[in-house]
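Q: I would like to learn how to read a structure feature by feature. Could you take me through one, giving the general idea before each case?

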Amino acid sequence: MGKKIIIDPVTRVEGHGKVTIHLDESGHVEDAFFHIVEFRGFERFVQGHPYWEAPQLVQRLCGICPVSHHLAAAKAIDQLVGLEPEQLSPTATKLRRLLHYGQIFQSHALHFFYLASPDLLFGFDAPPERRNVVAVAHENKELARKGILMRKFGQEIIKAIAGKKIHGIAAVPGGVHKTFTPEERDYLLKDNETPSADTMIEWSREMVRFIKLYHDQHFQWLDHFARYPSGHLALVGPEGELELYHGRLRAIDAEGRVTLNDVPNNDYLKYFTEEVEKWSYMKFPYLKHLGRKRGWNRVGPLARLNVCNGIPTPLAHQEWEEFRRYTNGLPNNCTMHSHWARLIEMLHCAEMIKTLLLDPAILGDDLVREGTLRPEGIGIIEAPRGTLIHHYKVDEKGMITKCNLIVSTTHNNEPMNRAVRWVAQNVISDKPEITEGMLNQIEVAIRAYDPCLSCATHALGQMPLQVAILDHEGKVLNERCKTNKS
Amino acid sequence: MQNLHAGLNASTTLLLGIGNSARRDDGLGWAFLEAIQKEGRFAGELAYRYQLQVEDADVIRNYEKVIFVDALRRQVEGGFYWKPCLPVATFGFTTHAIDPESVVALCQELYGEAPEAYTLGIGGCAWGLEEGLSPEGIKNLELALRFFDEKIL
């Protein structure tokens, strides 16, 4: 008889979903799906609200990456008030960038130290009670302490610019609502209860060294676990460099051939479309000209480092060169190398933060520019988890009539499904017994994408995730449900 | 009436409210802090959180005592509970949901000691996207405030 596996929930991802593994009559994995079973309809929720509320409203999509939604919406709203990104004042642009780098820095720190490091430190077969942040702190206090302070540093930047660490207000139509003070700048440049920008650069370098050493010791599984060919999508700067705040859309295929050649933000709808599958509330975006089967792309740190020509900060660029050398300059399709890429990006953010803190423009008072109202605005940024698209249309009174959000985790929907399928086929298939370690490998594969499932479905509330095994007739043979217990 | 924990009303105590006032009774923790601040007799410091995060371990280590105030999704006898918050490492579905016990446990692990901690859970029953506590939530909030006034302040 065929079997079906259900894993419920996947821990340490933001939000929740469900994994089903379908076995054939002989016990081989026939297929596997990563379902998102929660629906929110945030795109409808903002309709009827005035456009200037959007950057505030959309922050409620998430408690982890509210700044990313805030800034993507703000960039779209800038267009609604008649301004292209280049037309904002240098002060506004640089403060938004500083906020953005602070957000990515803290989000990457949270993911690596508190969500991913238990997998790396303790392995697949560790009992669930060891695979958490407190166990990491017990095992490696220094790593955990630095992780906390690195996240705190990013959060302090957000607080200084937006007033609060979560759901603050920084961007307004055409600019920012406050400037930076010398006291705020100096606090972040000096070591005090929050370490300085210089210390963050140094610790980020340490973390890159840590992951490289870890890779040297565990390259067999890091290189091969959940590895599969894919396209990669990200924004790039004018010279093709890594660009996290504003750039053009570039995609490459698994061999490095360009499939989307530096397209302006406002043209995204010419090239992208989304498909709905009946088994998930999360859509599947893809490049129209390549079709649903070939046009999907990974997004996020791994994709960004694959797509760009280099990194515009010296230390991170040096690490990028080494990262690219490992795959002989070809796209890196190793899912677990996302962690390596994420730490290189942290180093880049730390370098950028220091550069911006030393820039006198962040203390300026030219905060808001004005233009002529338009009916449509599109904002695209690179959020911590990947390319994030906000698109709004408004009526003559400035009320939102249409909203389209393609969030990072949605781009990674197909890649996460591929990763789950890889684990199902390579780890679970034909095994006499399904162990906790096997199920954890599914979680590890998903977690590499740092998914934010509540963002992806725009859903409210907690979203636990379930995993199930089904036989060929659809009968549930096994289910897993992890409880929030010690 | 004799104070239950006289030492809690001190400048070295942190009163940490968790919740979201835009989600009805999820705002009970914040409403409790606002009432305490308005009343003006609490000598410690107040902090508001949507959710507890790992870095709160670094925050609470600076205090001798910590009181976590949060809404409860279930009803309890008397409308609220008050209990010691012991360091217990739990693992949640998401990092959005790190709980007070885990924060205290993390603090203990990282810094070798953790403050004496308590949890004040206040029963709520409405969680929709709207401001304003439910009548049941208001009633339970008043009961918790009376307890705090009589036993702590």
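A: The turns below go from confidence to helices, loops and a pocket.

Q: What kind of model is this, and how are residues and chains labelled?

A: This is a predicted model, in which local features need pLDDT of at least 70 and side-chain atom pairs count only at pLDDT 80 or more, whereas totals for chains, interfaces and linings use all residues. Residues are numbered from 1 along each chain as its sequence is written, chains are lettered from A and ligands numbered from 1 in the order in which they are written, and side-chain values use heavy atoms, with hydrogens and water left out.

Q: What average pLDDT does chain A have, and where does pLDDT stay under 50?

A: The score pLDDT is the predictor's confidence in each residue, from 0 to 100. Chain A averages 87, and 89% of its residues score at least 70. Over residues 8-15 of chain A the pLDDT is below 50, although the model gives this stretch 54 contacts (heavy atoms within 4.5 Å) beyond near neighbours in sequence. For residues 456-464 of chain A, where pLDDT stays under 50, the model has 41 contacts beyond four places in sequence. Where pLDDT is low, the predicted coordinates should not be read in detail.

Q: How many helices and strands does chain A have, and what share of its residues is buried?

A: Helices (H or I, at least four residues) and strands (E, at least two) are DSSP runs, numbered from the N terminus; chain A has 17 helices and 16 strands. Buried means under 20% relative accessible area, exposed over 50%, and partly exposed in between (1.4 Å probe, protein chains only); of the 486 residues in chain A, 65% are buried. Among contacts in chain A with a separation of 6 or more, 71% join residues 24 or more positions apart.

Q: Why is α3(A) described as largely enclosed?

A: Because 15 of the 15 residues of α3(A) are buried, the helix is largely enclosed by the rest of the structure. Its expected span is 1.5 Å times one less than its number of residues; helix α3 (residues 66-80) of chain A reaches 21 Å from first C-alpha to last, close to the 21 Å expected. After α3(A) comes G82(A), whose phi is positive, near 90 degrees.

Q: Is L290(A) buried or exposed, and what does it touch?

A: L290(A), in the loop between β10 (284-287) and α10 (291-294) of chain A, counts as buried at 19% relative accessibility. Not counting residues up to four places away in sequence, L290(A) touches T259(A) and G295(A); the C-alpha atoms of L290(A) and T259(A), 31 residues apart along the chain, are separated by 8.3 Å.

Q: Where is N328(A), and is it buried or exposed?

A: N328(A) lies in the loop between α12 (314-326) and α13 (337-357) of chain A and is exposed, with a relative accessible area of 69%. Although it is not a glycine, N328(A) has a positive phi of about 55 degrees.

Q: Which elements line the second largest pocket?

A: A pocket is an open set of points on a 1 Å grid over the protein atoms alone, where a 1.4 Å probe fits, with protein on both sides within 12 Å along at least five of seven lines; lining residues have an atom within 4 Å of a point. Elements each supplying at least two lining residues are α6 (141-162) of chain A together with β2 (45-49) and α2 (56-60) of chain B, and α6(A) gives the most, with 6 residues. The lining has 26 residues, with E156(A), K159(A), K165(A), R49(B) and V59(B) nearest the centre of the pocket.
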